[in-house]
Every structure is written in C-alpha cells, then in structure tokens.
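Me: I am new to this structure. Please take me closely through one part, the sheets and the helices packed around them, and explain your terms as you go.

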Amino acid sequence: MYAMLLHIDGGSIMSSIREKSPKPITITIDGKECKGTFGETILEIARANGIYIPTMCYLTKVLPIGSCRMCVVEVDGIDGFILSCQEKATDGAVITTNNSELYKERQNIMKLYNVNHPLECGVCDQSGECELQNKTMEFGLSEQNFTAKEVSKPVQNWGYVSYDASLCIMCEKCVRVSTEITGDEALKVKFGGYSSTIENVKQDKNFATLGEAAAVCPVGALVDTHFKYSANAWELSKIPSSCPHCGGGHDITYEVKNGKIYRVSNEAEFSTMCSASRYAFDFANEGVTKDKEAFSRAIEAFKSAKTIIFSNEISNEEALILQKLKEKMGYKLISHEARAYQRFMNAYSSITGKSLYSGDLNSIAKSRAIIVLGTKVNDDAPLVKYSINQASKHKRARVCYMHPIEDSNISNIVTQFIKYEPLSEEGVVALLADTLLRDKEVPANIKELLDELDIGNLSAESNIGEEELEELSKSLLKKSGYSLIVGADLYSHPRAENIAKMVALIEKYTDFSVVVIPPAGNGMGISLVCELDDEIEGATIGYNVQGDFTLSAMGEGDLDMPSLIQQEGTLTSINKRVVPINVALDYGGYILNDIAKALGLYTQFTIDYTKELPTQKGFKSIEFDSLPNSFDITGVENRGYILDRVEVAIDESIDDEIEFDEIDGAVIYNCNPQEHFSPFTAKSKILPNKANLLGSQQFATASKLKDGDIVKFEINNIEFTRVFKIDTSLKGTIALNPTYDMGLSTALLSSYRFSRLEKIGS
C-alpha cells in the first residue's frame with residue numbers, strides 16, 4: 001500500500017480551442033431552397049433535403065472518393081461540371097442536378113464502366129442488387145458502341161472474400177473501408193490504366209475484416225467466398241436484427257431461404273459490423289421439440305434452486321424475467337462479467353451523478369485525442385477499434401494506448417504506447433487522473449487527494465516513467481475533442497470500484513468523453529436490468545452456464561433454450577442504445593417465459609416485457625412492435641432508442657490509499673481473438689477455431705515451453721488444455737489465452753484477466 005504524489009510541469013493539457021457551432025447556410029437546388037451548414041458538401045445537403053444525385057463511388061462513412069464523377073452538378077456562375085461529393089456548398093449557391101448535358105455526361109460515364117464488363121448477370125452474386133445494373137437501366141444504355149482490348153484478370157481467392165478483377169469498376173470503396181474503417185489496410189489500388197486492379201497486400205493475414213470491404217462493393221467483384229454461387233439475392237428473405245456477439249449492438253440483416261441463413265448483411269453505406277456477426281451466424285439451437293419430461297424436471301429444479309447463474313447471451317427481456325423470478329422466489333442472480341461491470345458503473349456514477357458514461361462510438365470517431373486504457377481493444381471491441389481508426393484517418397487523432405501488451409494490430413494508429421505492469425491499473429489511473437486534472441478547478445477534497453499522491457512509488461510500481469506522462473500531456477495541447485476508453489481489465493480488477501471513481505473524475509472535471517466498454521453479448525443490458533449478487537448459494541440453475549440443472553441454447557444442457565438468433569427481444573449496445581432482435585430461424589422447444597409462467601408470472605409473450613424494462617435505469621416504456629429499426633438517407637440511426645442518463649446520488653469519497661500487487665513469472669491474459677466472443681461464435685463453420693495459447697519466445701523460455709507443447713492450467717477451478725504456439729508479434733512474458741471455446745464453463749470465469757501460469761500438467 002502506498003500514498004503517492006505526482007506533479008509534472010508542462011502547462012495545461014486542455015486547449016482553450018472549442019468546436020464552433022456550424023454556421024447555417026441556404027442554397028437552392030433544382031429550384032428548391034435547402035438548408036445546410038457551412039462545411040457540408042452539395043451532395044450532403046441534397047441528400048438531407050431529399051434530392052437525388054446519382055453516385056457510384058460515394059460512401060457516406062468514408063471521405064469522398066471522387067473516382068466515378070457520376071455526382072457532377074452545375075453551379076450558377078461556374079463553368080463546367082462540379083463534383084458534388086467534394087465541393088463544399090457556399091451560402092446562396094444555385095445548383096442544377098439534372099439536365100440534358102448532365103444526363104449525357106453520366107450516360108458516357110456508364111458506357112465507360114460497361115466497356116467489356118462480362119455479361120454474367122445470371123450467375124453473378126450481385127445480380128438483383130447491383131448498382132451497375134441499376135445505373136445502366138437508369139441512363140438508358142441498351143447498347144455499347146465501343147470496346148477496349150480484353151486483359152486477362154483471373155479470379156483471386158483471398159480467404160474470406162474472393163476478388164474478380166474482370167467485374168471490378170475501380171470505385172475504390174473497398175480500399176477506403178479497409179483503410180479508413182476497419183484499419184487492416186490490406187487493400188490497395190494497383191495502377192495500370194485499363195489494367196488497374198485492387199490488390200491484397202496482406203494475404204497472409206487472412207483478415208476477416210475484408211468482409212466489410214466486400215459489403216460495399218457495388219458490383220460482384222468482391223464477394224464473401226462462403227456465399228459465392230449459393231443463392232440469388234431476390235430469393236433471400238431479409239430479417240433485420242442486431243449483433244448478438246460483440247456488445248456493439250450494430251445493425252445486421254439475416255438473409256434466409258428455406259429455413260437456412262445464407263449470409264448476414266447490414267446497412268453498409270452507414271454502419272459497420274463485427275466479423276463475428278458476418279461469419280458466425282450458424283449458432284441456432286436446431287431440431288428442438290418440446291420435451292415435456294425435461295420441462296417438468298426444470299420446474300422442479302427451479303422450485304428447489306437458490307441461485308440462477310447465467311451468461312451474457314440473453315436478451316433484456318429474459319434478464320427481466322430472471323429479475324422478476326428473483327423478486328418472487330428469492331433467487332440469487334449470478335452473472336460474473338455483468339456484475340463486475342455493474343459494480344464498476346455504480347461506483348463511476350457516484351462521482352458523475354449520471355447512470356451512464358458520456359461517450360459513444362460517434363464521439364470517439366470525431367475525437368482528435370484518444371486514450372485507451374485497460375483493454376486489448378482490437379479484440380475486445382472491434383467497433384470501438386473501428387471508431388478509433390476513423391478518428392486517426394479522418395481527424396488525425398493522437399492515440400495513446402496504455403496496456404501491458406503492445407498490440408501490432410493497431411500499431412498503424414497508435415501514436416504513443418505506454419506499457420504498465422499487470423495489477424498496477426489503480427496506480428496507472430491515479431497517474432492519469434493527476435495528469436489530466438492538475439490544472440483544473442476541482443473540489444478541495446479532490447485536490448487534496450491528488451496532492452497526496454507520490455509519483456516516485458507510483459511510477460516505480462506501475463513501470464510508467466514521468467517522461468511518458470509528460471509526452472502524453474504535451475500531445476494533448478492545442479487539441480479539441482477528447483475520448484477516454486477503458487475496458488475489462490479495469491472492471492475485473494480487485495480494486496475496480498476505486499478505479500472507477502478515479503476514471504469518473506476525468507469525465508466530470510475535464511473535456512474528455514468516456515466510454516466504458518461493456519462485456520460482450522448483452523452485458524450492459526443485464527447490468528442495468530438485474531440486481532446481481534456476488535456469491536452462489538445452494539442448488540443452482542444455469543442458463544447457458546453449467547449448473548445443477550442447465551438451460552442451454554447450445555444444446556448441451558438438461559433443457560434446450562433458443563439462441564438469440566431464434567428470439568424476439570432487445571439488447572443494449574455500447575452506444576447505450578436499446579436495439580431490437582428478431583427471429584431468423586424457427587425454434588420448436590420451450591423458452592424461459594414458459595418456465596416463468598409455470599412459476600406464476602403470467603405474461604403471454606417474452607416481448608411483453610419490453611415495455612416493462614426499468615425506466616429508473618434509463619429504459620423507456622415502449623412496446624417491442626413500436627421500436628424503429630432503420631437509417632435515414634443521410635445515415636442517421638433510428639434503431640430502438642437511446643437510454644436516458646438518469647441522475648443518481650453523488651458520493652465523491654475515494655480511497656486515498658493506492659494498492660499494488662504483482663504477478664511474478666509467466667503470465668497469461670484471458671483474451672479472445674477479434675472474431676470470437678463466446679461459445680456461440682465457437683460453433684461457426686466459417687471462422688477458424690484454433691484456441692491456442694499464444695506467447696512470445698521470451699514467454700516460452702520463462703515457462704519452459706516449446707512451440708507445439710500441450711499445457712494444462714486452471715483459472716477459477718476451470719481446467720484449460722492448450723497447445724502452446726509461439727507468436728513472433730508478441731513481446732514479454734505474457735501469453736494470450738482464449739476462453740470462447742470453453743462451452744458451458746465460459747461464463748464461470750470471474751477473475752482479473754491476468755494471472756500467473758500455474759501448470760498442472762504438460
């Protein structure tokens with residue numbers, strides 16, 4: 001235990017510069033007066049006012065590409081055509097979007113696009129939703145009066161996606177998504193005139209994120225390999241839903257035919273989804289019928305049980321059913337990750353006076369300075385990583401990544417990496433709070449707390465040097481738009497509640513927006529709906545967790561349950577948005593609400609609980625069937641609703657003693673790869689399922705392991721058997737241990753994510 005003092009010279013880190021309110025402007029488009037703001041392009045204002053301007057290369061979520069020239073318009077007083085996607089509108093401008101000259105220009109552009117484009121529409125995967133088809137018809141091209149010499153362009157298989165260069169129109173959308181959104185930076189333009197193609201410069205990586213690049217391809221050049229030649233677009237029923245895996249709650253659409261999901265898509269013009277949603281859609285609990293004997297045993301088990309243990313892979317409505325059963329029957333409710341998050345956020349809210357953190361993915365994407373602490377963000381929260389990448393590419397954001405493990409997957413966007421020792425997070429947050437608050441006006445008790453910190457002990461124990469904090473401080477000067485992102489390493493920490501309070505001070509007394517990444521699945525929703533307990537008592541019911549009696553959507557328990565792909569209900573996202581999920585595949589067995597009704601809760605349908613979600617926690621009393629699920633033409637999300645930030649009692653008492661501990665020797669870190677989050681993604685036939693223990697050569701030496709060795713160890717009394725593999729991108733004596741493949745044991749893990757490797761056999 002140490003008391004510490006920290007003071008670093010260098011001036012205020014907070015710039016007096018603030019974002020100015022956008023200046024309103026008025027322009028006239030095709031005779032219609034249109035309102036906009038200074039800095040918006042002509043195309044943006046036109047779309048916002050419901051005026052159509054054709055495009056082929058434009059993609060709302062990336063910077064204007066300007067390669068297709070379909071969006072040309074005329075502006076009074078200016079000679080020639082203007083690219084509306086790139087030209088900023090000026091107040092009073094008079095614009096024409098369509099006349100005979102513009103029509104002819106666009107028609108000629110389409111002729112160039114159609115030069116030697118193979119007539120494969122009958123077997124092309126994009127047929128029926130192809131922009132080239134649509135624009136060819138729109139501009140009346142019934143014949144082609146010139147050609148170009150054919151160039152051999154063989155089809156290439158890039159793993160998750162396939163590329164047919166002969167179909168490619170070089171719009172560059174895929175390249176921009178790879179660079180500006182997912183950040184894998186795998187796709188580049190290989191210039192060569194008519195022979196130009198897209199090339200994958202990182203084929204050895206086999207990025208699943210290339211599925212996001214394929215999603216925006218306007219033709220059939222880049223397609224998901226698993227979907228190729230399997231179905232026509234018009235044969236598939238589209239069922240809108242939300243991501244059940246990563247906690248991002250982003251929109252998804254299940255595309256179904258004859259009771260089978262063929263692919264998962266989304267509103268790719270505006271949003272991006274995780275690779276788990278795109279490729280791990282085969283997790284339904286299929287072939288289930290109502291087993292009356294098993295149901296009777298379930299009712300008896302519920303009558304004698306004292307505790308219900310459950311995973312994050314349940315809906316808000318199911319969580320409310322469990323809460324109501326707790327109130328009626330007196331159960332203990334155990335959900336380890338959600339409980340850790342709940343404790344953290346309760347402590348956090350006691351400082352800010354608000355039930356939720358302040359930031360979201362949009363605020364991250366617009367930031368010019370970002371600090372990431374306590375999360376291997378590339379793997380823990382892909383959508384957060386994508387937003388950080390957008391800030392880096394679009395805003396030139398400074399990104400400080402603080403973690404015990406350097407991550408080569410985000411080195412292209414990290415401007416400063418600060419390494420600290422595992423278990424020192426409380427001291428690290430104290431250092432950070434003092435750095436960011438030192439010149440702020442704070443209450444006397446907070447100032448006293450900061451003044452009593454001792455930099456020498458804190459720096460020594462955390463292994464963070466003063467010069468690193470000074471560099472961080474200087475990097476924030478003259479910046480505006482700040483985000484602090486914290487994750488599971490903090491809320492799983494033994495001192496999580498005190499850490500939460502210090503993080504909350506940063507939100508309360510600085511200009512930082514804060515995002516506390518929730519557990520994957522529906523961890524945030526569970527933490528808000530349920531009164532969770534810490535200790536298991538008596539006989540247990542497990543829901544997607546091993547219990548004395550187990551309800552399982554994985555088909556491995558005592559009574560089958562539906563997966564989230566077979567239910568209606570809602571989830572709560574990292575954006576604090578309550579979003580709907582819908583039934584993509586049928587389910588014939590019993591559901592949790594059947595058990596609840598048998599135990600005396602008489603609600604007909606599970607979705608009847610949607611309007612009963614607790615308003616005191618920010619939910620709104622809205623019927624499930626009244627929840628919207630769409631985007632408008634400009635990309636504004638109208639899905640579900642945003643939780644209210646409810647006021648809570650303030651208690652600024654913070655423990656002024658900072659505790660340190662350490663983990664000696666070889667250390668393992670529980671961390672799933674980016675594509676996997678739970679035993680449900682482990683069922684995917686498309687995603688790789690190689691749950692190896694990955695460590696550096698240094699780790700191998702420290703743990704006396706060789707590449708290919710089998711090692712056994714325990715965490716929370718759960719035994720892991722792993723093949724050890726050396727990963728040359730890793731450094732230090734920490735190895736990555738995945739947990740997604742542990743089936744009904746996965747949700748029983750409850751400890752801090754770092755632990756000493758204690759081998760029980762090899």
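Reply: What follows goes through two sheets, two helix pairs and a salt bridge.

This is a predicted model, in which local features need pLDDT of at least 70 and side-chain atom pairs count only at pLDDT 80 or more, while totals for chains, interfaces and linings use all residues. Residues are numbered from 1 along each chain as its sequence is written, and side-chain values use heavy atoms, with hydrogens and water left out.

Start with a sheet. Five strands form an open sheet in the order β15-β14-β21-β22-β23. Their pairing is parallel. Strands here are DSSP runs of E with at least two residues, helices are runs of H or I with at least four, and both are numbered from the N terminus. Two strands pair if DSSP finds at least two bridges between them. The edges are β15 (332-334) and β23 (559-560), and each pairs on one side only. Inside the sheet, β14 (residues 307-310) runs parallel to β21 (residues 540-543), joined by four bridges. Thr307 has Thr540 of β21 as its bridge partner.

Helices pack on this sheet. Helix α7 (residues 292-304) touches β14, β21, β22 (549-552) and β23. Contact means heavy atoms within 4.5 Å. The direction of α7 makes about 120° with that of β22. Angles run from 0 to 180 degrees between N-to-C directions, and axes are lines fitted to C-alpha atoms, for helices over the stretch in contact. Helix α8 (residues 316-329) lies across β14, β15 and β21, and runs at about 150° to β15.

Now the other sheet. An open sheet of five strands has the order β18-β17-β16-β19-β20, with parallel pairing. Its edge strands are β18 (416-418) and β20 (512-516), each pairing on one side only. From one strand to the next, the twist averages 15°. Strand β16 (residues 369-373) pairs with β19 (residues 482-486) over five bridges, in the parallel sense. Ala369 stands opposite Tyr482 in β19. Helix α16 (residues 466-475) lies across β16, β17 (398-402) and β18, at about 145° to β18.

Next, helix against helix. Two packed helices are described by the angle between their axes and the distance between the axes. Helices α13 (residues 425-437) and α15 (residues 455-462) pack at about 130°, with axes 9 Å apart. That makes α13 oblique to α15. Under 35 degrees counts as roughly parallel, over 145 as roughly antiparallel, 65 to 115 as roughly perpendicular, and the rest as oblique. Their crossing is left-handed. This means that the near helix is turned anticlockwise from the far one by less than a right angle; clockwise would be right-handed. On α13, the contact uses Gly427, Val428, Ala430 and Leu431. On α15, Leu458, Ser459 and Ser462 take part. By class, four are nonpolar, three polar and none charged. Ala, Val, Leu, Ile, Met, Phe, Trp, Tyr, Cys and Pro count as nonpolar, Asp, Glu, Lys and Arg as charged, and the others, Gly among them, as polar.

Another pair is α2 (residues 100-114) with α3 (residues 131-138), at about 135° and with axes 10 Å apart. That makes α2 oblique to α3. The crossing of α2 and α3 is left-handed.

Last, a salt bridge. The side chains of Lys257 and Glu235 meet at 3.5 Å, N to O. Lys257 lies in β12 (residues 251-257) and Glu235 in the loop between β10 (222-224) and β11 (237-242), so the pair ties together parts 22 residues apart in sequence. A salt bridge needs a side-chain nitrogen of Lys or Arg within 4 Å of a carboxyl oxygen of Asp or Glu.
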